[in-house]
There are 2 protein chains.
Amino acid sequence: MPTIHDIARESGVSARTVSRVLNGSDAVETGTRERVLAVMARLDYRPDPGARSLKTKRRRVVAFVVNAVASDTTMRRVETVARRFGPLGYAVMVAWADGLDAEEREIRELSMRSDALVLFSNRPGPRAAALDRLAEEGFPFLLVDPPGKVAYPAFYIDRSAGYRAAAASLAASGRRRVALLVEDFRADERIAGWKRGLEESGLVPDPALVFRTGKGFEGGRDAAEAIFARASERPDALLCHNDRMAAGLLAALPGYDIRVPRDLALVGFDDEPWAPFLDPPLSSIRQAGPDLGEALFEAVNARLADGAPFESRTFLTEPVPRASAPAPASAEQ
Amino acid sequence: MPTIHDIARESGVSARTVSRVLNGSDAVETGTRERVLAVMARLDYRPDPGARSLKTKRRRVVAFVVNAVASDTTMRRVETVARRFGPLGYAVMVAWADGLDAEEREIRELSMRSDALVLFSNRPGPRAAALDRLAEEGFPFLLVDPPGKVAYPAFYIDRSAGYRAAAASLAASGRRRVALLVEDFRADERIAGWKRGLEESGLVPDPALVFRTGKGFEGGRDAAEAIFARASERPDALLCHNDRMAAGLLAALPGYDIRVPRDLALVGFDDEPWAPFLDPPLSSIRQAGPDLGEALFEAVNARLADGAPFESRTFLTEPVPRASAPAPASAEQ
DNA sequence: TTGAAAGCGATACCAC
DNA sequence: GTGGTATCGCTTTCAA
């Protein structure tokens, strides 16, 4: 690998001048520039990014720390940011962290290797030592979708809003026993939305209609028994923690002679690509408004390029009606 | 951020000694070491990885270039490798590249920033300029799942094997008109497996039973018309390009009064997490044997730690029978 | 066991 | 316009 000095020697100029050419400085005579560029091309020279950033303090790396339950959606957002930063000469680092300790370790590690950090975090507390230190140093970092309010700039996702709208929509469709099936993690915001949506529709949220189960498909499948055991008290609508859980439950329904949506309106969350292809197509709740990945890029780039400080934002969610829980007839589309 | 010299000054030793402590050198008196460590802890010192690698030539980064059609499976493999490398002090970079040009650009870029490159590549040719250069320099890189044979170390996935076994299994179940539904990209290996599996079962592969369609769910849904239009010539089994395509087709079947598996045995590919939760649960084909992500880590780590050269390997695929295409009754489990 | 000093590959201040 | 030289933060050769 040739260095800047090889180029300098070969083209009969100083390293300083090669550096000028490299950085597109105006103060280089055209002839000189051409000559240097020719040599660079001939030797297939590319400056060492590591050596460069030692001096400039800009590493040209954006880093992500994602947590154990990182979904495909998360990775798609990382992809969006990475694709936008690529042409700008930034590389993207990703680290997976399982617990809070691992997360802090990765924060320390990656903050030494990047110019900005994006944390898809499950941190429960409003603050953390590693982040306080970063904030103190003025190192740019942004949390995405923390489970609760945090003391740092963050992009929040308001799941409550989507559940609220979905519950209201079910009530408007004439459903009277609207149940909720959740796992433990991040249940509160879902319950709050469900509750509020029903109350606003003049229904009384019945705590007995909030069911708990395990994660994912299996969680949904396993919950059917508890939900439908007593035929007399069956719900006529069910909001699930996510699409996987709804799909698992759907697969268990034939055993109970329940038809969707006739006997039960079913709604998931996440709007996974396969949701429309279940039988019946699954209603879901999805992130609404501007794309979060796109917004992430904008924010990080503005921070890095113009020093624009991060601003906390909240992204809403909204129902996606499909056959498993059609929108009420009166709904304007 | 304190530097090694701050630590040296504060603890009354030279930078050389701090460096020794940092790198766990034996030749440091215990008392000195303790003193230095104490100062490092007090000042919250962490060595700059960039400066370090300028000298050592080891960047402690493993980089991935993934292509436009990177699936969730791909990212899960990246995750596996990243999780294993994390504790070893390696960071992971990921770049997405849409076409061959973008891919070459990212190869150039990331090879300057990493110690090894893993390429989930769609490159059609057996070789490429950027890779020839890397090979010449002795830079470690490994291709994963290229669509054809390449001139470099690669991990291949033999899809043909899975389709062959699935076709044979369908024949053994008494299906006589086994069709294939593929998109254009990577159709050949699927066709070859289908053909061979049928021939080995004493059936004659009928080219008219190879259907082409677009990608994904929509591709499957849109293909139903062409496949089932003529009631007299309907296939009684269908191997699809992947699970998404199979799900799309499944969703379109009610319009043709076709029941799965009674009238049609249906098989996908990829064994996506939701496949068991379709109605009926979808048979699929999945990567068999050792986990590819795990194997990637082993290979890259062996290369980086011990200089073990990359060896090309082939990973097989195998059917996963479920209700949409049950294994033949005689099959030993 | 410890330290002075050179060097990794770039940038940038200050002369000329 | 161009070049000498110090410098970024670390590792490492060579002496002591």
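# A tour from the DNA strands to the protein cores

Begin by selecting DNA strand D, which 29 residues surround, the closest being T17(A), T32(A), I4(B), R16(B) and R52(B); a residue is near a strand if one of its heavy atoms lies within 4 Å of it. Before going further, note that this is a predicted model, in which local features need pLDDT of at least 70 and side-chain atom pairs count only at pLDDT 80 or more, while totals for chains, interfaces and linings use all residues. Residues are numbered from 1 along each chain as its sequence is written, chains are lettered from A and ligands numbered from 1 in the order in which they are written, and side-chain values use heavy atoms, with hydrogens and water left out.

## DNA strand D

Of the atoms of DNA strand D within 4 Å of the protein, 61% belong to sugar or phosphate and the rest to bases. Select T32(A), where a side-chain N or O atom is 2.6 Å from a phosphate oxygen of DNA strand D, and then N23(B), where a side-chain N or O atom is 3.3 Å from a phosphate oxygen of that strand; a polar contact here is a pair of N or O atoms within 3.5 Å. At A51(B), a backbone N or O atom lies 3.3 Å from a base nitrogen of DNA strand D.

Now colour the helices (DSSP runs of H or I, at least four residues, numbered from the N terminus). Helix 4 of chain B gives the most to the surface near DNA strand D, with five residues.

## DNA strand C

Move to DNA strand C, which is surrounded by 27 residues, with I4(A), R16(A), S19(A), D48(A) and T32(B) the closest. Sugar or phosphate accounts for 59% of the atoms of this strand within 4 Å of the protein, and bases for the rest. Select R16(A), whose side chain places an N or O atom 2.8 Å from a base nitrogen of DNA strand C. Phosphate oxygens of the strand are met by a polar side-chain atom of Y45(A) at 2.9 Å and by a backbone N or O atom of D48(A) at 2.7 Å. Helix 2 and helix 4 of chain A, together with helix 2 and helix 4 of chain B, are the elements that give two or more residues to the surface near DNA strand C, and helix 4 of chain A gives the most, with five residues.

## Aromatic rings

Leave the DNA and show the aromatic side chains: the structure holds 19 aromatic pairs over all chains, a pair being rings of Phe, Tyr and Trp (its six-membered ring) with centres within 6.5 Å, stacked if the planes are under 30 degrees apart. The rings of Y163(A) and F269(A) have centres 5.5 Å apart and planes at 15°, so they are stacked. Because Y163(A) lies in helix 8 (residues 159-172) and F269(A) in the loop between strand 9 (265-267) and strand 10 (284-287) of chain A, the pair ties together parts that are 106 residues apart in sequence. Both residues are buried, that is, under 20% relative accessible area (1.4 Å probe, protein chains only). Add R190(A), which lies over the face of F269(A) at 5.0 Å from the ring centre; the criterion is CZ of Arg within 6 Å of the ring centre and within 35 degrees of the ring normal.

Next, select F217, W274 and F277 in both chains A and B, which form one aromatic cluster.

## Nonpolar core

Finish at L249(A), L266(A), L249(B) and L266(B), which touch the most other members of the 97-residue largest nonpolar core, a set of buried Ala, Val, Leu, Ile, Met, Phe, Trp, Tyr and Cys residues joined through side-chain atoms within 4.5 Å.

Methods: Phe/Tyr/Trp six-rings, centres within 6.5 Å; stacked < 30°, edge-to-face > 60°. Buried < 20%, exposed > 50% of the residue type's maximum accessible area, 1.4 Å probe, protein only. Polar contact = N/O pair within 3.5 Å; in protein donor to acceptor, adjacent residues only side chain to side chain.
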